[in-house]
Amino acid sequence: MGKVSIIRASERPDDERVHQMVKEAIDLLGGLETIVRPGQTVALKPNVVTGTLSGPGVTTDKRVVEALIRLCNEAGAGKVKVVEGAGYFTETSKALELSGIKALAEEHGAEVVDVDRDEHVELAVRDPLITPTIKVSKEFMDADVRINLPVMKTHDQLEVTLGVKNLKGVLPRYMKRNFHKIGVVKGILDLSKTVPVDLTVLDCIVAMEGLGPSFGPKVELNTIMASRDVFNLDRVASKIMGFDASELDYLVEAAEHGLTDLDSEVEVVGEAVSSFTHRFERAPTGTDFAEGVTVISEGACSACHGTIHSVLYDLEQMKKMGEIRDLFIVVGENAEVPDDLPNTPLIMGTCLEKYRDRGCYVEGCPPNNDKMRAAIREICGF
Ligand code: SF4
């Protein structure tokens, strides 16, 4: 059950090779027929994140989703559903369309479920770490088999986003935000206990490093990984990226609470971990922004932190960073605006609308880069 399989192509794989790689990765675990029985309903959970940035390294490669749909159909599944709640920037249904996943799912007879429009069921969390109950997509929970299809990426708050974090997409939107407010590490562990998955297939054909999960450079690994144990998969995948498990709070906490054992050996089949030599550039941390910029952040989502990094990057490219002094950005649902700031603060995002009169307010959840740049220009006078 705890085995992790790795299939690596020697060059950028074409469509048919992607299909074969997914099949080979699952075959090394015993084959999909050992997971999906004839007539069962299967829910697939890709990582769609956002529509406007959709593409390799950001969203799950649609060919991986297609391979799973075809393999489930071949295994005799009664119904296949692609279930996702995209999170930020774009409505989920639009994001699923832009990613190409909606069209190909329908082409193969699979149903597409928008978590934001789906009914939600409230589930009790066993031995809760932070939340006694969790609401999740009813369609996802009702499925007989649940398959997780994340992308390998760095993350500004968790260091990496892999299998465990990807499940956050089955939460209703307000609950995703609430996880950032109450503590995303414990939140995703409570979620993993409450919503078990039968298989995780990790898309590392194109991965992301640096400013993940949406804005970083791409890393072509031409690889597919799979495991029935999502924690083991994350342990091996993070090692491939160059992280030690002890650097990843969610794995350390998972081990402390008996969800995984970081001292145990994971059986890896297929490609050897040692053949991966690229060390992923770390995502900038929540406080690691730029000179002259102070971010007052409490309970902020990674989407807003990612937007700040990406706006500052844009300004650097425009050679405007030298003109930024005393820029204060207040972000996150729990943040307070200090009374004694030497400059007008930028109040960022819908969750701080209550402070709109206390500075230069930028609406959006998260706000878009254009509005952020305009506000920074206004505050810094360039
Ligand atoms: S505005 Fe930003 S921090 Fe606030 S809820 Fe939206 S994404 Fe999260």
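Select Gly 76 to begin, the residue just after helix 2, where phi is positive at about 95°. Before moving on, note that this is a predicted model, in which local features need pLDDT of at least 70 and side-chain atom pairs count only at pLDDT 80 or more, while totals for chains, interfaces and linings use all residues. Residues are numbered from 1 along each chain as its sequence is written.

Step back now to helix 2 itself, residues 62-74. Helices (H or I, at least four residues) and strands (E, at least two) are DSSP runs, numbered from the N terminus. The 13 residues of helix 2 reach 18 Å from the first C-alpha to the last, close to the 18 Å expected at 1.5 Å a residue, where the expected span is 1.5 Å times one less than the number of residues. Colour the helix by burial, counting a residue as buried if 20 or more other C-beta atoms lie within 10 Å of its own, exposed if 12 or fewer, and partly exposed in between, with C-beta atoms placed from the backbone. Because 10 of its 13 residues are buried, helix 2 is largely enclosed by the rest of the structure; the buried residues include Val 64, Val 65, Leu 68, Ile 69 and Leu 71, and also Lys 62, Arg 63 and Glu 66. Show next the elements against which these buried residues pack, among them helix 1 (15-27), strand 2 (41-46), strand 3 (79-84) and helix 4 (101-107), a contact being two C-beta atoms, placed from the backbone, within 7 Å.

Helix 9, residues 230-241, is the next selection. Its 12 residues should span 16 Å at 1.5 Å a residue, and the end C-alpha atoms are 16 Å apart, which agrees. Here 11 of the 12 residues are buried, so helix 9 is largely enclosed by the rest of the structure, and the buried residues include Phe 231, Asp 234, Arg 235 and Met 241. Helix 9 is followed by Gly 242, whose phi is positive, near 100°.

Turn to the open sheet of 4 strands, which has the order 13-14-15-16 with parallel pairing; two strands pair if DSSP finds at least two bridges between them. Strand 13 (293-297) and strand 16 (360-362) stand at the edges with a single partner strand each, so one side of each is left without a neighbour in the sheet. The twist averages 20° from one strand to the next, with axes taken as lines fitted to C-alpha atoms, for helices over the stretch in contact, and angles running from 0 to 180 degrees between N-to-C directions.

Within this sheet, centre the view on Ile 329, which stands opposite Val 295 and has Leu 346 as its bridge partner in strand 15. Strand 14 pairs with strand 13 in the parallel sense over 5 bridges, and with strand 15 (residues 346-348), also in the parallel sense, over 3 bridges. Strand 14 is mostly covered, 4 of its 5 residues being buried. Adding helix 12 (residues 369-380) to the display shows it lying across strand 14, strand 15 and strand 16, and running at about 175° to strand 16.

Pro 366 is found in the loop between strand 16 and helix 12, and the peptide bond that reaches it from Cys 365 is cis, with omega near 0°. Cys 365 also belongs to the ligand's surroundings: of the 14 residues around the ligand, Cys 301, Cys 304, Gly 349, Cys 351 and Cys 365 come nearest, where a residue is near if its C-beta atom, placed from the backbone, lies within 6 Å. By class, this shell has 9 nonpolar, 3 polar and 2 charged residues; Ala, Val, Leu, Ile, Met, Phe, Trp, Tyr, Cys and Pro count as nonpolar, Asp, Glu, Lys and Arg as charged, and the others, Gly among them, as polar.

Select Lys 181 next, in helix 7 (residues 173-182). Lys 181 and Ala 300 are 119 residues apart in sequence and 6.9 Å apart in space, C-alpha to C-alpha. Not counting residues up to four places away in sequence, Lys 181 touches Gly 299, Glu 333 and Asn 334, and it is partly exposed, with 16 other C-beta atoms within 10 Å.

Finish with some backbone details. A second cis peptide bond to inspect joins Gly 212 and Pro 213, with omega of about 15°, and Pro 213 is found in the loop between strand 10 and strand 11 (218-227). Asp 127 has a positive phi of about 40° although it is not a glycine, and it is exposed, with 8 other C-beta atoms within 10 Å.
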